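Grab a pencil and try these short exercises. Each one comes with a solution worked step by step.

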Amino acid sequence: MIEAVIRGIGVGLVLTFLTGPVFFALIKTSIEKGFHAGVALALGVVTSDIVFVGAILFGSQYFDISSHDKQHAGIVGCVILFALGIYYLFKKSEVNYDNKVPSRLKRTGYFFKGFLMCILNPTLLFHWTVVIGTASTLYIESVPNRSWKIAVMFLTILVVQFGLDTTKAFYANKLRDKISVKFVHRLNEVAGIALIIASLILFDKLVTHYVFAPFSS
């Protein structure tokens with residue numbers, strides 16, 4: 001089991017430092033709205049990861065989702081990511097300098113923002129499929145306590161990711177007093193551009209295939 005924990009820590013560290021739209025959204029939210037808002041968004045992200053892992057490990061036994069349906073769901077995700085990117089580009093910047101804790105309703109909103117940003121991103125589904133395939137290769141059928149080891153590995157990955165996302169939120173929040181509203185506006189623009197680029201890449205992978213190869217089945 002110790003080996004599974006060590007492998008989970010290694011994979012979790014690699015995944016956490018892969019820069020993408022969620023990274024920018026987490027840093028931006030923590031600077032603008034404070035630590036509690038950043039943690040709420042991180043909780044939404046890790047919840048979407050749990051859903052992905054559960055769906056891949058167990059859902060395939062009960063549901064047969066066609067590639068056509070997956071493509072439609074992915075296109076919806078592209079539209080949402082693109083719209084969110086446009087919103088960030090034109091969003092009025094503000095910084096919560098007084099460190100006021102957001103209300104429960106607002107924290108719930110940040111949670112769903114993180115959840116939907118990930119759950120509607122087909123790249124993450126492909127990404128978790130690859131990780132689960134790697135785990136299945138490491139722990140073949142003949143390995144003793146195979147199911148437990150895979151479960152421990154994935155639990156460790158999720159704990160590491162959430163812990164490091166919380167750490168990012170903490171330090172981003174600490175920098176808030178030294179950051180101007182103008183800088184946050186630039187950060188909004190970077191986050192918006194990152195989301196727009198991500199949505200266009202996903203659309204090309206799903207539909208047009210001009211630049212990127214389609215997702216593997």
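Helices (H or I, at least four residues) and strands (E, at least two) are DSSP runs, numbered from the N terminus. The model is predicted, so to speak of local features takes pLDDT of at least 70, and side-chain atom pairs need pLDDT 80 or more, while totals for chains, interfaces and linings use all residues. Residues are numbered from 1 along each chain as its sequence is written, and side-chain values use heavy atoms, with hydrogens and water left out.

**Exercise 1.** Work out the secondary structure of the protein.

Solution. Count the elements: there are eight helices and zero strands. Then read along the sequence, and the pattern is α-α-α-α-α-α-α-α.

**Exercise 2.** Find what share of the protein's residues is buried.

Solution. Start with the cut-offs: buried is under 20% relative accessible area, exposed is over 50%, and partly exposed lies in between (1.4 Å probe, protein chains only). Of the 217 residues, 41% are buried.

**Exercise 3.** Place I86 and F112 in their helices, and class each by exposure.

Solution. Take I86 to begin with: it sits in helix 4. Its relative accessibility is 33%, so I86 counts as partly exposed. Now F112, which belongs to helix 5 (residues 104–119). F112 is partly exposed because its relative accessibility is 43%. As for its surroundings, the C-alpha atoms of F112 and A42 are 10.0 Å apart, with the two positions 70 residues apart along the chain.

**Exercise 4.** Find how contacts spread along the sequence.

Solution. A contact means heavy atoms within 4.5 Å. Keep the contacts between residues at least 6 apart in sequence: 86% of them join residues at least 24 apart.
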